[in-house]
Amino acid sequence: MKNKEPLILAVVVFFTLATYYLVEPFAHSIMHKHFESEGFAYKDLPAITKKGNVARGKELVMGAGACTGCHAITSQGLEAPMNAVTAARSYGVNPPDLSNAGAVYDAKFLDALIKNPAHALMVEHKFTPESGKSYPMPKFYGAGGNMDQEVADMVAYLQSIAPKADKLTPAMAFETACGRCHAVRYEKWTQIGEKPEYKKKRDELEFNIRVLDYQDSLAKYMGTLPPDLSIYIRSRGEHYIKTFVENPQQYLKGTAMPRVGVNAEAADKVIEYLEDSGDTKRHERESVGKNVMIYIIIFAIFALLWKREVWRDLH
Amino acid sequence: MAHFTKATSIKDWLNQRLAIEKVEKVMASEYWIPKNINFLWAMGMVLVITFTFLLVSGIFLLMYYQPNVDLAFDSVNYTIMREVDFGWLWRNVHGVAASVVFLIIYIHMFTAIYYGSYKKGREMIWISGMLLFVAFSAEAFSGYMLPWGQMSYWAGMVITNLFSGGSLHADGLVEWIRGDYVPAQAFLSRFFMLHVLLIPVAILGLIGLHFGALRIPHVNNQDGEEIDFDKESKKYLAGDKAGSKVIRFANDFMSKDMLVVAIYLVFFFYLVFYHYGFAMDPVNFDPANGLKTPTHIYPEWYFLWSYEILRPFSTNIGLMAFAFAQVIFMMLPFLDRSPNTVPASRRGLFKYWFWAMLIDMIILTAMGKVPPIEPFGTIGFYAALTFIGLWIALPIITMFEKKA
């Protein structure tokens, strides 16, 4: 009698894969919009034409640009003028510390942001003249000289004080780009900073109240409280998060989440941070996985030898 | 009282009290299996192994899981996935096994249908098997509630709603099942109880029944041959192993079982470590939120075919079709009117019936997942009609089947 097992196996595998294909890749392609990343190129924004001057940029950031009137630059010893909760009461959100801004944000984006924040952030729909609201960070109208040059100077300054790309940690990238809006409770991150370990219950409650106050202002400003991103790496996946951050409007038309303007390296760091939070054991999974696979294959070889041995007399 | 003598060895001591030699014979060395069976007959062992994985990983998960609506989600996604050593491994094993076990059950079922292993004395094997399918379905559904994510909550909502019976408006029954108007703490607690106690106990009992049901009729074989087990086993014991049509369960068949199990485990652990996403829906990684309905609500893949039988019709007809789909497989031994216990390939029209049923169920499965937009709505509708039609046709086509 001919051995039919290979044929049977082929049939089983075929129907299994067909079912898998239909309920997974196929069904998801129907259910979800799919956008390809543009590599964080921000093609809609004009390129920087001028070469920036760091020293001049520093003067502008501290002076005419008024950046430090709202933002901290702690790496340069400049504390925020207000604490996070008070700032959120005025602006809706705490302006981010600019120490790492030059490393996190794309240069072209920073340039466009300073000239017209709401436009660069793609939130103009929220701040129309009819709405009566204006974006909390003012447009920079120039300090009397060539405006393009002045902005390029400020960008150059921000880049000069920022850590080099290889010194930028995932947490730094996340805190600068997303941390003022999104909590990540699995990493103990709240919108007003990392939650310390408190010995006294009372101190902890006070901290929690400050977080709640902040979130109240934030929710009012955004129209909704931005979600905790602890395991968004599992619920949304890397591709979605990256392309969403690159252009939130393409997925959620009219959403309050701004296009934050991170560069490609910082986006990878943000993803790494979210993986540390929501897929913490991925390295262990890889290494244990490899060992288990080797073990099982050896087991399968022994199983084959045993079967041969036992069946030798049966044929 | 029986007569006991001073034991000569530990084995003898046990033998006098537990008859272990006899048990070993009955269960293994003289439990006779036909020789002409292929690897599909090892699916039972594959199921036993998978169920064992579920049980063991479940015990580990149970030590850290918190059945409380405020804590459940983080006890799974934070405590088990991050804090507990190898908690992630137990969860991946549990999740993947829960999904793969249904793939194997379906293969096992369709094997039985193809070879006619539900007829001529094997009806109880089939019926106990279908009861196991029902119990596993309940186990899977209740387990799916426990992480208390968005899909847990909304699938729980949708499925328990079915019990209102459409225009019967049995809302009281739905509330009774949920213990509340909506899925909440009472709901989670009782599904937790069902998942870790009542249904597993039922499953263990049914597995016993399923194995017991095999004893008298023996397992079927791939050629539809009627084997005289007494005669053939004597031949085997007399030394004509090659000439006998039967083999011992252990080690003869067991060695083949283990080979299939080993190959299966390569596949299984590949999924556990490198491709587990299909078994843990992304939507369920958002915490349950009764105020925010997910865009797409769908059950796990193994329920999709019956879900799709419900969906294309109006509420009442849909529910009737759904109820039909739930019980009809159980009736198979009585709906198949042909006396032939041979592979479908030798059974005339039944051969086409088999493949049509398989393909139709795969189409239903696919259409159950995608949103009911065109053309999927129409495809799903006709696939559901085909399913019902095939079952109505079954007694007729098998009645006229020629003796093979």
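The following exchange sets computed values for a predicted two-chain model against the definitions used to classify them.

Me: What conventions apply to the numbering and to the atoms used?
Reply: Residues are numbered from 1 along each chain as its sequence is written, and chains are lettered from A and ligands numbered from 1 in the order in which they are written. Because this is a predicted model, local features need pLDDT of at least 70 and side-chain atom pairs count only at pLDDT 80 or more, while totals for chains, interfaces and linings use all residues; side-chain values use heavy atoms, with hydrogens and water left out.

Me: Why is B:His94 called buried?
Reply: Buried means under 20% relative accessible area, exposed means over 50%, and partly exposed lies in between (1.4 Å probe, protein chains only). B:His94 has 18% relative accessibility and therefore counts as buried. B:His94 is part of helix H5 of chain B, where helices (H or I, at least four residues) and strands (E, at least two) are DSSP runs numbered from the N terminus. Leaving aside residues up to four places away in sequence, B:His94 touches B:Leu54, B:Ser57, B:Gly58, B:Leu61 and B:His195; contact means heavy atoms within 4.5 Å.

Me: What makes a set of residues a nonpolar core, and which residues have the most contacts inside the largest one?
Reply: A nonpolar core is a set of buried Ala, Val, Leu, Ile, Met, Phe, Trp, Tyr and Cys residues joined through side-chain atoms within 4.5 Å. The largest such core has 143 residues, and B:Phe102, B:Trp126, B:Phe329, B:Phe387 and B:Trp391 have the most contacts inside it. Helix H5 (residues 87-115) of chain B gives the most to this core, with 19 residues. A second, separate core has 63 residues, including A:Ile73 and A:Tyr251.

Me: Which residues does B:Phe102 touch?
Reply: With residues up to four places away in sequence not counted, the contacts of B:Phe102 are B:Phe133, B:Phe136, B:Ser137, B:Ala140, B:Trp301 and B:Tyr302.

Me: Why is the contact of A:Asp148 with A:Lys115 called a salt bridge?
Reply: The term requires a side-chain nitrogen of Lys or Arg within 4 Å of a carboxyl oxygen of Asp or Glu. The closest N and O atoms of A:Asp148 and A:Lys115 are 2.9 Å apart, so the pair satisfies the rule. A:Asp148 lies in helix H7 (residues 147-161) and A:Lys115 in helix H5 (residues 107-115) of chain A, so the bridge ties together parts 33 residues apart in sequence. A:Asp148 is partly exposed at 34% relative accessibility, and A:Lys115 is partly exposed at 22%.

Me: How do you know that A:Glu238 and A:Lys242 are about one turn of the helix apart?
Reply: Both residues lie in helix H11 (residues 237-246) of chain A, four residues apart. Their side chains meet in a salt bridge with an N to O distance of 3.5 Å. A:Glu238 has 37% relative accessibility and therefore counts as partly exposed.

Me: What area do chain B and chain A bury between them, and how is it defined?
Reply: Buried area is the accessible area (1.4 Å probe) that two parts lose on being put together, summed over both. For chain B and chain A the value is about 5200 Å², 70% of it on carbon and sulfur atoms. B:Phe39, B:Arg82 and B:Trp88 supply 12% of the area that chain B buries against chain A, more than any other three residues. In terms of contacts, 59 residues of chain B meet 53 residues of chain A. Six salt bridges are found across this interface. A:Arg236 and B:Asp286 form a salt bridge through their side chains, at 2.8 Å from N to O.

Me: What makes B:Trp148 and the bond from B:Glu374 to B:Pro375 worth listing?
Reply: Most residues other than glycine have a negative phi, and most peptide bonds are trans. B:Trp148 has a positive phi near 55° and is not a glycine. B:Trp148 lies in the loop between helix H6 (123-145) and helix H7 (150-161) of chain B, and its relative accessible area of 6% makes it buried. The peptide bond from B:Glu374 to B:Pro375 is cis, with omega near 5°. B:Pro375 belongs to the loop between helix H15 (349-369) and helix H16 (376-399) of chain B.
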